[in-house]
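Thanks for coming, everyone; I would like to walk you through one protein this morning, beginning in its interior and working outward to the overall picture. Please have a look at the display before I start.

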Amino acid sequence: MLKRISKIAFKQTEEQKKELLDYINAQKGKPGALMPIMQKAQDIYGYLPEEVQRIIADELGISTEEVFGVSTFYSQFALSPKGKYNISICLGTACYVKGSGDILNKVQEILKIMPEECSEDGQFSLTACRCVGACGLAPVLMVNDEVYGRLTVNDVEGILNKYKN
C-alpha cells in the first residue's frame with residue numbers, strides 16, 4: 001500500500017524540537033542510529049512529517065531521500081497523523097474474499113479520506129492493513145483496539161456513528 005503524505009499543516013512545539021535534537025545528539029555517531037532516531041521522532045510527534053525527516057537528515061548529515069526511503073519502506077512509520085480514532089480495515093485474504101474491499105470503500109465514502117490519511121478535524125484516520133489476526137471473524141474492521149467482525153457494508157455507518165462527536 002502506498003503511504004500518503006499528510007495534507008494537514010505540521011505544528012511543532014519548542015519542547016518537541018528540543019527533545020528530538022537532544023535525542024539525535026545522544027545517538028549521533030552510533031552505528032544504526034537512524035532507525036532509533038526515527039522511532040523516537042515518531043514517538044514525539046505521532047508520525048514523521050517531512051519537516052521532521054528534514055531535521056533528522058540535516059542533523060545526521062545524510063540526504064532527506066535516505067530518511068524518506070526508510071520511512072516509506074518500514075510499515076511502522078506513519079507519514080500522516082493518526083486521528084483520535086484510527087480505523088484499520090483488514091485486506092488480508094480471508095477478509096478480502098468476504099468483502100473487506102467494499103467495507104474500505106464505504107468508510108472512504110463516509111469519512112472522505114483515503115488510507116493513510118487523517119480527517120481534517122483530527123477525529124479519524126484510516127489504515128488498510130494486511131492482517132489483524134482475526135481471520136475467523138472476517139471481514140474485520142478495528143477502531144483503535146476495538147474489533148468489529150463478520151461485517152457487511154450496511155454495518156459501517158452505525159459503527160462510525162458511535163465515534164462521531
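Let me begin with strand β2, which is largely enclosed by the rest of the structure, because six of its six residues are buried. I should say straight away that what we are looking at is a predicted model, so please hear everything that follows as a description of that prediction. If you follow the side chains of β2, you will see that F124, L126 and A128 point one way, while S125, T127 and C129 point the other way, and that all of them are buried. The partner to look for here is strand β1, residues 85–90, which pairs with β2 in the parallel sense over six bridges. Within that pairing, C90 stands opposite C129 of β2.

Moving back along the chain from β2, we come to the loop that lies between α6, residues 100–111, and β2, residues 124–129, and this loop is where E117 is found. Is E117 buried or exposed? With a relative accessibility of 13%, E117 counts as buried, since the cut-off for that class is under 20%. The side chain of E117 also has a polar atom that lies 2.8 Å from the backbone nitrogen of M114.

A comparable arrangement can be seen with Q16, which sits in helix α1, residues 14–27. Here a polar atom of the Q16 side chain lies 2.9 Å from the backbone nitrogen of T13. Leaving aside residues up to four places away in sequence, Q16 touches K11, I44 and Y45.

Let me turn now to helix α2, which covers residues 34–45 and holds I37. I37 counts as buried because its relative accessibility is 0%. Which residues does I37 touch, if we again do not count those up to four places away in sequence? They are Y23, I24, Q27, I56 and L60. For a sense of distance across the model, the C-alpha atoms of I37 and R130, which are 93 residues apart along the chain, are separated by 26 Å.

Helix α4, residues 64–73, gives us another residue to consider, namely F68. At 34% relative accessibility, F68 counts as partly exposed. The C-alpha atom of F68 is separated by 6.9 Å from that of Q53, and these two residues are 15 apart along the chain.

With those places in mind, let me step back to the whole protein. There are seven helices and four strands, and from the N terminus on they run in the order α-α-α-α-β-α-α-β-β-β-α. The C-alpha trace spans about 50 × 30 × 20 Å along its principal axes. Of the 165 residues in the protein, 44% are buried. If we take the contacts between residues at least 6 apart in sequence, 65% of them join residues at least 24 apart.

As for the surface, the protein exposes about 9100 Å², of which carbon and sulfur atoms supply 50%. Finally, on charge, there are 19 positive and 21 negative side chains, and the centres of these two sets lie 4 Å apart.

To close where I began, I would ask you to find β2 once more in the display, with its six buried residues and its parallel pairing with β1.

Conventions: Residues numbered from 1 in each chain as written. Predicted model: local features only at pLDDT ≥ 70, side-chain atom pairs only at ≥ 80, totals over all residues. Heavy atoms only, no water. Helix = DSSP H or I, 4+ residues; strand = E, 2+ residues; numbered from the N terminus. Buried < 20%, exposed > 50% of the residue type's maximum accessible area, 1.4 Å probe, protein only. Contact = heavy atoms within 4.5 Å. Areas by Shrake-Rupley, 256 points an atom, 1.4 Å probe, with all protein chains shown as cover. Lys, Arg positive; Asp, Glu negative; His and termini not counted. Charge placed at Lys NZ, Arg CZ, Asp CG, Glu CD. Polar contact = N/O pair within 3.5 Å; in protein donor to acceptor, adjacent residues only side chain to side chain. Pairing = 2+ DSSP bridges.
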